[in-house]
Amino acid sequence: MSDLKQKVARLRQAYAPHEHRPLGGYLAAMGTYAGVTAAIAGLVRVTGRPVPERPAPADVVLLAVATHKLSRLLSKDAVTSPLRAPFTRYDRPIGSGEVMEQVRDSGSSARHAIGELLSCPFCLAVWVATGLTGGLVLVPRLTRLVATALTAVAASDFLQMAYAVAQQAAEGDDED
């Protein structure tokens, strides 16, 4: 075994002696994220699109809600489970059309890291926000339109949940 591989193995063992942590997969994910971010920055530069000095507050709110919705849609929605299936295993439904999944640990640190990324809305939000922010610079009208649709769906989700709570409360009042 090479000296570098031995050092990496010792580092992995020292970092998490009692648990498998896919440090190599995390490094690959961070490298991919850096590459995607650099590609977006390169496209902005090549196309000469102006980068705003400061994003408009309305755009920040729009992208925040859209990022929340798209991150949950990609990481938890039952309909998008085929995207996650190579990296996760179905566990159980968790309500409102969402599912809980477990990361597949097949010995591949890359598969494990991707599984964690795809099943975690908080982890995925960084990637989604970066894509939407890049889109806001490169194709602002289309990005705002897509973000508006995602924001409308997020608002609808909250209204559906509020309606269900109100309905349950009303049914509880009828029993008194």
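1. How closely do the axes of helix 2 and helix 6 come, and at what angle do they cross? In this predicted model, the two axes come within 10 Å and cross at roughly 5°. Helix 2 and helix 6 are therefore roughly parallel to each other, since angles under 35 degrees count as such. On the helix 2 side, the contact is made by A29, T32, Y33, T37, I40, L43, V44 and T47. On the helix 6 side, the contributing residues are V126, W127, T130, G131, G134, V137 and L138. By class, the residues of this contact comprise nine nonpolar, six polar and no charged.

2. The next point concerns aromatic pairing. The count comes to one aromatic pair. The rings of Y33 and W127 have centres 5.2 Å apart and planes at 70°, so the pair is edge-to-face. Because Y33 lies in helix 2 and W127 in helix 6, the pair ties together parts that are 94 residues apart in sequence. Y33 is partly exposed, at 25% relative accessibility, and W127 is also partly exposed, with a relative accessible area of 25%. Both residues are listed among those that make the contact of helix 2 with helix 6.

3. T47 belongs to helix 2 and takes part in the contact with helix 6. T47 is separated from L138 by 91 residues in sequence, while their C-alpha atoms are 8.1 Å apart in space. L138 is one of the helix 6 residues of the contact. With a relative accessible area of 45%, T47 is partly exposed.

4. Which regions does the UniProt record describe as transmembrane? The unreviewed entry places the feature "transmembrane region" at residues 23–44 and 117–139. In the model, residues 23–44 are 100% helix and 0% strand, with end C-alpha atoms 31 Å apart. Residues 117–139 are 87% helix and 0% strand, and the end C-alpha atoms of this span lie 26 Å apart. For orientation, helix 2 covers residues 23–47 and helix 6 covers residues 121–138. The annotation itself may be inferred rather than shown by experiment.

5. Helix 5 meets helix 6 in another arrangement. The axes of helix 5 and helix 6 come within 6 Å and cross at roughly 85°, which makes helix 5 roughly perpendicular to helix 6. E116, L117 and L118 of helix 5 form this contact with C123, L124 and W127 of helix 6. The contact has five nonpolar, no polar and one charged residues. W127 is listed here and also in the contact of helix 2 with helix 6.

6. Which residues of helix 5 are buried? Helix 5 spans residues 109–118, and its buried residues are H112, A113, G115, L117 and L118. These buried residues pack against helix 2, helix 3 (57–76), helix 4 (81–84) and helix 6. Strand 1 (88–95) and strand 2 (98–103) are likewise among the elements they pack against. L117 and L118 appear both among the buried residues and in the contact with helix 6.

7. Two buried residues deserve separate mention. V128 lies in helix 6 and is buried, with a relative accessible area of 9%. Apart from neighbours within four places in sequence, V128 is in contact with T67, L70, S71 and L74. V128 and T37 are 91 residues apart in sequence, and their C-alpha atoms are 11 Å apart. S75, in helix 3, is buried at 1% relative accessibility. Not counting residues up to four places away in sequence, S75 touches R84, E101, L118, S119, C120, P121 and L124.

8. Is S96 buried or exposed? S96 has a relative accessible area of 61% and is therefore exposed, as this is over 50%. S96 sits in the loop between strand 1 and strand 2. Its phi is near 55°, a positive value in a residue other than glycine. Most residues other than glycine have a negative phi, so a reader may wish to look at this position in the model.

9. E19 is found in the loop between helix 1 (3–15) and helix 2. E19 is exposed, with a relative accessible area of 52%. E19 and V103 are 84 residues apart in sequence, and the distance between their C-alpha atoms is 14 Å.

Key
Residues are numbered from 1 along each chain as its sequence is written. This is a predicted model: local features need pLDDT of at least 70, side-chain atom pairs count only at pLDDT 80 or more; totals for chains, interfaces and linings use all residues. Side-chain values use heavy atoms; hydrogens and water are left out. Buried means under 20% relative accessible area, exposed over 50%, partly exposed in between (1.4 Å probe, protein chains only). Helices (H or I, at least four residues) and strands (E, at least two) are DSSP runs, numbered from the N terminus. Contact means heavy atoms within 4.5 Å. Rings of Phe, Tyr and Trp (its six-membered ring) pair if their centres lie within 6.5 Å; planes under 30 degrees apart count as stacked, over 60 as edge-to-face and the rest as tilted. Axes are lines fitted to C-alpha atoms, for helices over the stretch in contact, and angles run from 0 to 180 degrees between N-to-C directions. Angles under 35 degrees count as roughly parallel, over 145 as roughly antiparallel, 65 to 115 as roughly perpendicular and the rest as oblique. Ala, Val, Leu, Ile, Met, Phe, Trp, Tyr, Cys and Pro count as nonpolar, Asp, Glu, Lys and Arg as charged, and the others, Gly among them, as polar.
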